[in-house]
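Subject: Handing over the model, with notes on what was found

Dear colleague,

I am passing on the structure we spoke about, so that you can look at it yourself before reading my notes. Please open it first and keep it beside you as you read.

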Amino acid sequence: MACNDKPAAVNVRQTLLSSLSKFWEDGTDTLAEEGSNHETLQDVGRGASSWHSGIVFQSLRDIQAGEELFINYGARWFEARTHLYGAIPEKNHFEAAYKILKQFWNNAVKDGLGLESRGLQKRYEDRILKADWLKEAVRMALPDKVTDISTVLQIGAAPFSMKDFNPQRSLDWLVENGVCVDNIVGGTSTIPQAGRGAFATRTIKKGGVITTTPVVTLDLDQIKLRKQAIGADGKDYIIHGGFQLIMNYCFGHDESTLIFLPSMPSVSFINHGSKEDANAAVRWSSSPHHKSEWLDSPLALMKQRQNRGLLFDIIATKEIKRGDEILLYYGKGWEDSWKTHIDNWGKKSNFTEMHDIPRAYDYNQVGKDSMIRTVWEQKIDPYPEHLMTTCFFVPPESCPEPSDKSKGVKCEVQSNYIFGAKIDHLHACDILSRSSNGEGGHWYTARVEVTNNGRMNEMLTGKQKSPDAVAASKSVSEYYLVDYMPRYAIRIVDKPYTRDQYRKGAFRHLIGIGDGMMPDEWMDLRLQG
């Protein structure tokens, strides 16, 4: 999805489509696509597909034809890039700016001053704009001129910041400068082990552009998995432990360490087809937005860029009819690697030992195994070792000390769960006891661990830090004894790094691109001999 973020102009949100998201609630990375050949834990494609699926983009308001789409990247995205963009105000900053201006204006009125009063601009600059206590992001949400305050108070700080911004382009401009990206749509693939695939929404003639995608340039070294190992000398070493799952969605050449990640999600649905079955091929784009001059850049510079500038066109190599699945020939290297993977599949005991084990999804089904086991019950009847209990909980600003201090908790409170709780509020927890609620269900008492490094949120959203980064981060935990916790506030989830994508033997290989696309300068593995 090629959406930018301009906080005051956000008109799109990202959400899960419930009918598609069900197959990622389990304990594996195996797609459970109904009607596909990718439904079993014994599948050789285990760990080779992303569990991130079922994501849709919804409009937050009426969007006019030709209007640019904006989505909220989140405050952390801008905070990490202040050296590039400066302070960017978010919703809370605009709200704070409005309150500051309202208070300033009320004080000015009390002093008998109007917008045109002499000295009011200087007072505004000295007391507000140049104040040491003012956050830079809030400062950016304030108008420079005191005479604009009345307009801000009428329409709001965010709309005022947009007064000179026009997010709409004419249809003629789009025809001349835009590219068509609605020729394909995702659906259940016809290819075994593929999960989802891309299908044509209309007839595309041979040589026609199926879709265009920007690509991010990366160094192959960036997607390596590393693990700690003890050498013969007894010392700890960090060694290469395979590649991240993202490798299967990147394009590259076997003789180059420069790889390309498409940023249009529809392209990631395009599966491999044999030379005979493939109906599409990758080319450098003919779009005016493609920075063809980058192809003359040294390899080192391309690795440093790590940005979008190059574009791929996916071209039809034969006529494609509406409803046909789009297939790319991934290359001989990919084909040989996949054949070897299939031939060796039965030897990979680290996968076969997990066949038919219960999934997190099984334990979270309404009405199925609804009683959560306490820590004492788990000593006799434990959950599978790759699963753990988590609880939705928002730490209160203050709370009383626990009656039993031996449990090592900060304080004892009652559950504050509300429906629609955010994933940020899901924390690791131990279920200490269970009692009847008198209505056929149960109340639970849980010991909830709240950390300051967002570990649980990263694990559950898939934005996981590496084990080294986790170990290096300073984690401070506080524990709460939470009473009267309902069953629906408790969720069984996978422990970090237990999904199939982290298992040795999961298939990994780049999608191959032809020799003619890669400049000789970028073929560093060939040059090394």
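The notes below go through the cysteines, a sheet, the salt bridges, a hairpin and a helix.

Please keep in mind throughout that this is a predicted model.

**Cysteines**

A search of the whole structure turns up one disulfide, and the two residues it joins are Cys391 and Cys429, with an S to S distance of 2.2 Å. The link between Cys391 and Cys429 is right-handed, with 70 degrees about the S-S bond. Because Cys391 belongs to strand β14 (residues 387-392) and Cys429 to strand β16 (residues 426-436), the pair ties together parts that are 38 residues apart in sequence. Both partners are shielded: Cys391 has 0% relative accessibility and so counts as buried, and Cys429, at 4% relative accessibility, counts as buried as well. As for other cysteines you may want to look at, Cys180 counts as partly exposed, with a relative accessibility of 38%, whereas Cys250 is at 0% and counts as buried.

**The sheet around the disulfide**

Strands β14 and β16 both belong to an open sheet of six strands, whose order is β15-β18-β17-β16-β14-β19 and whose pairing is mixed. Its edge strands, each of which pairs on one side only, are β15 (411-414) and β19 (490-494), and from one strand to the next the twist averages 40 degrees. At the β15 edge, four bridges join β15 to strand β18 (residues 477-486), and these two strands run parallel; if you would like a place to start looking, Glu412 has Leu481 in β18 as its bridge partner.

**Salt bridges**

How many salt bridges does a search of the whole structure find? The search gives 17, and I describe some of them here, with the general reminder that side chains of opposite charge can pair when their charged atoms come close.

In one of them, Arg202 pairs with Asp182, and the closest N and O atoms are 3.1 Å apart. This pair links distant parts of the chain, since Arg202 sits in the loop between β4 (196-200) and β5 (209-219) while Asp182 sits in the loop between α9 (171-177) and β3 (184-188), 20 residues apart. Arg202 counts as partly exposed, at 36% relative accessibility, and Asp182 is also partly exposed, with a relative accessible area of 43%.

Another salt bridge brings together the side chains of Lys303 and Asp524, at 3.9 Å from N to O. Here too distant parts of the chain are linked, with Lys303 in helix α10 (residues 299-305) and Asp524 in helix α17 (residues 524-527), 221 residues apart. Are these two residues, Lys303 and Asp524, buried or exposed? Both Lys303 and Asp524 are buried.

Arg526 forms a salt bridge with Asp520, again at 3.9 Å from N to O; in this pair Arg526 counts as partly exposed, at 36% relative accessibility, and Asp520 counts as exposed, at 58%. Beyond individual pairs, salt bridges that share partners join Asp219, Lys303 and Asp524 into one network.

**A hairpin**

Strand β6 (residues 224-230) and strand β7 (residues 236-243) run antiparallel and are joined by six bridges, and within this pairing Arg226 stands opposite His240 in β7. The hairpin of β6 and β7 has five residues between the strands, and in it Gly234 takes a positive phi near 85 degrees.

**Helix α11**

Helix α11 (residues 332-343) has 12 residues, which at 1.5 Å a residue should span 16 Å, and the distance of 16 Å between its end C-alpha atoms agrees with that. Its buried residues are Trp334, Trp338 and His341, and seen down the axis of α11 they fall within an arc of 60 degrees, so they line one face of the helix. As general background, an α-helix has 3.6 residues a turn, so residues three or four places apart point the same way. The face of α11 turned away from the buried side carries the exposed residues Lys332 and Lys339.

With best wishes

Technical notes. Residues numbered from 1 in each chain as written. Predicted model: local features only at pLDDT ≥ 70, side-chain atom pairs only at ≥ 80, totals over all residues. Heavy atoms only, no water. Disulfide = S-S within 2.5 Å. Buried < 20%, exposed > 50% of the residue type's maximum accessible area, 1.4 Å probe, protein only. Pairing = 2+ DSSP bridges. Axes fitted to C-alpha atoms, helices over the stretch in contact; angles between N-to-C directions. Salt bridge = Lys/Arg side-chain N within 4 Å of Asp/Glu carboxyl O. Expected span 1.5 Å × (residues − 1). Arc of directions from axis to C-beta.
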